[in-house]
Amino acid sequence: MGILDKSSRIMSGTWGHCWLDNELVAEVYKATAKVSYNKTEIPICGQMGVDVKVTSYKGTGSLGMRKVNSRMGQVIGKAIRDGRDIRFTIILKLADPDSFGHERVRLKNVSFDDLTLMDWEAGSPGNIEAPFTFTDYDYLDEVDY
């Protein structure tokens, strides 16, 4: 059981990895994935407070990538222009060697929201954001608490 006994146990994003359909995407420098819950208000007789019931969820996320190639244009661009709604699997891993273990999450049915064709500024390294939605997920590895 991992108890925070020193600050070095806190997992650092330096040790993050991303795979898009089983291919390592080394240019990813940050990733987020979260689930937002859709709730329906449920008034209950004899109670002033309105309660809620979770009725569905929506998975959203984003990959921050260094601009080193045309990967996203090649993977997404042509398919969308041809009218195909292509979907992906993303696996995100965080494995800081000083932590209590590593965590891997698989995001299923990933659909990218947009495609950055060009975004640059003189004197700045090239970065792009690739927001997405997903419909399911599972933990492949977890860090015990």
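Two strands count as paired here if DSSP finds at least two bridges between them. With that in mind, and remembering that what is open in the viewer is a predicted model, the tour can begin with the strands.

**First stop: strand β4 and its neighbours**

Select residues 28–42, which make up strand β3, together with residues 51–66, which make up strand β4; the two run antiparallel and are joined by 14 bridges. To see one position in this pairing, display N38 and look across to β4, where its bridge partner is S56. Keep β4 on screen and add residues 127–134, the span of β7, because β4 also pairs with β7 in the antiparallel sense, over 8 bridges, under the rule of at least two bridges for a pair. On this side of β4, a useful residue to label is T60, which stands opposite T133 in β7.

**Second stop: the cavity beside β7**

With β7 still selected, turn to the enclosed space that it helps to line. A search of the whole structure finds 1 cavity of 30 Å³ or more, and the volume of the largest cavity is about 40 Å³. Which residues line the largest cavity? Select M72, I76, D114, L115, T116, I128, E129 and A130 to show them. Helix or strand membership can then be coloured in: α1, residues 71–81, and β7 each supply at least two residues of this lining, and β7 gives the most, with 3 residues. Sorted by class, the lining of the largest cavity comprises 5 nonpolar residues, 1 polar residue and 2 charged residues.

**Third stop: salt bridges**

Next, switch the display to charged side chains, among which the count comes to 10 salt bridges. In general, side chains of opposite charge can pair when their charged atoms come close. Start with K78 and D82, whose salt bridge has its closest N and O atoms 2.7 Å apart. Of these two partners, K78 is exposed, with a relative accessible area of 54%, while D82, at 46%, is partly exposed.

Move on to R87 and D85, whose side chains meet in a salt bridge with an N to O distance of 2.8 Å. Here R87 is partly exposed, with a relative accessible area of 38%, whereas D85 is exposed, at 52%.

Now select K108 and D138, which form a salt bridge whose closest N and O atoms are 3.8 Å apart. This pair links distant parts of the chain, since K108 lies in strand β6 (residues 103–112) and D138 in strand β8 (residues 136–141), with their positions 30 residues apart in numbering. Adding R106 and D136 to the selection completes a group, as salt bridges that share partners join R106, K108, D136 and D138 into one network. Within that network, K108 counts as partly exposed, at 28% relative accessibility.

**Last stop: two cysteines**

How many disulfides does the model contain? The count comes to 0. Finish by selecting C18 and C45 and comparing their surroundings: is each one buried or exposed? C18 counts as buried because its relative accessibility is 1%, under the 20% limit for that class. C45 counts as exposed because its relative accessibility is 80%, over the 50% limit.

How values were computed
Residues numbered from 1 in each chain as written. Predicted model: local features only at pLDDT ≥ 70, side-chain atom pairs only at ≥ 80, totals over all residues. Heavy atoms only, no water. Salt bridge = Lys/Arg side-chain N within 4 Å of Asp/Glu carboxyl O. Buried < 20%, exposed > 50% of the residue type's maximum accessible area, 1.4 Å probe, protein only. Helix = DSSP H or I, 4+ residues; strand = E, 2+ residues; numbered from the N terminus. 1 Å grid on protein atoms, 1.4 Å probe; cavity = no way out; pocket = protein on both sides within 12 Å on 5 of 7 lines; lining within 4 Å. Points joined across faces, edges and corners; volume = space filled by probe spheres on them. Nonpolar A, V, L, I, M, F, W, Y, C, P; charged D, E, K, R; others polar. Disulfide = S-S within 2.5 Å.
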